Amino acid sequence: RSRGRALGIKDVSTAFLQSDPYPEDTNKYISFRDPITRVWTYYRQSGPIYGEVSASKRWEDTIAPWFKSMGFLRGEHERSCFYNAEQDLLILLYVNDCLDDGDAADVEWIFSELEERSKCKSADMVTDLLTQGYLGMVIRVEGDRIYMSMAKYIDNACRILGITGA
C-alpha cells in the first residue's frame, strides 16, 4: 500500500431489491389466498423479493456487469475482487458492502457512480485517526499499512459458545 491512497467503505441499501427487473417475457407469479374468502389472487413478480432464494444471484447478475461497464475486471480466482488498472482502483465486494482502495479522487468517483446507480448509505473513510467496521472486522490505517482485526467478533463468538479462558 503506497502512501496517499484512500480506503473507503460504501454500503448499498437493500441491494437485492435494486437488482435489474425481470425481463417482460418472464412469467413469474406470486399467489396469495385470502384466509376469509379463500379466494386466490395472483400477482406478476417484476423483480426479486428480499429473502427469495434467487435474490442474491439476481443481485450478482446486476452489480458484476455494472462494475465491468465501469472499466473493472473481475478476479478470476477471487470473484469478490474488481480491479480497474487504468485508475489502480481495487474494490472488494461482499454482497452489498464495498471496500475500495485507490487514490481519493478515484474512490470518490466510483462511490458517486454507485450512488447514481443504486441507493446507498453514506461512505465511511478509513484514516489514520478513524477506524471503521467492515463485515465484522475493525479496519484501521497507520501510515502505509492496513490493519484488520476480528477480536470483537471472536470474543462475542466465544461468549456465545461458552468458551472462556482459551
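**View 1. Strands 9, 10 and 11 form an open, antiparallel sheet in the order 9-10-11.** Strands are DSSP runs (E, at least two residues) numbered from the N terminus, and two of them pair if DSSP finds at least two bridges between them. Strand 9 (132-134) and strand 11 (145-149) are the edges; each has a single partner strand, so one side of each lacks a neighbour in the sheet. From one strand to the next the twist averages 35°, an angle between N-to-C directions of lines fitted to C-alpha atoms, on a scale from 0 to 180 degrees. Strand 9 is joined to strand 10 (residues 137-142) by three bridges, and Gln132 has Ile139 as its bridge partner.

The model is predicted: local features need pLDDT of at least 70, side-chain atom pairs count only at pLDDT 80 or more, and totals for chains, interfaces and linings use all residues. Residues are numbered from 1 along each chain as its sequence is written, and side-chain values use heavy atoms, with hydrogens and water left out.

**View 2. Strand 2 (residues 29-33) and strand 3 (residues 40-44) run antiparallel, joined by five bridges.** Ser31 stands opposite Tyr42. The two strands form a hairpin with six residues between them. In the turn, Arg38 has a positive phi of about 60°.

**View 3. The largest pocket is lined by residues including Phe16, Trp59, Arg74 and Tyr94.** A pocket is an open set of points on a 1 Å grid over the protein atoms alone, where a 1.4 Å probe fits, with protein on both sides within 12 Å along at least five of seven lines; lining residues have an atom within 4 Å of a point. Helix 1 (55-69; helices are DSSP runs of H or I, at least four residues) supplies four residues, the largest share of the lining.
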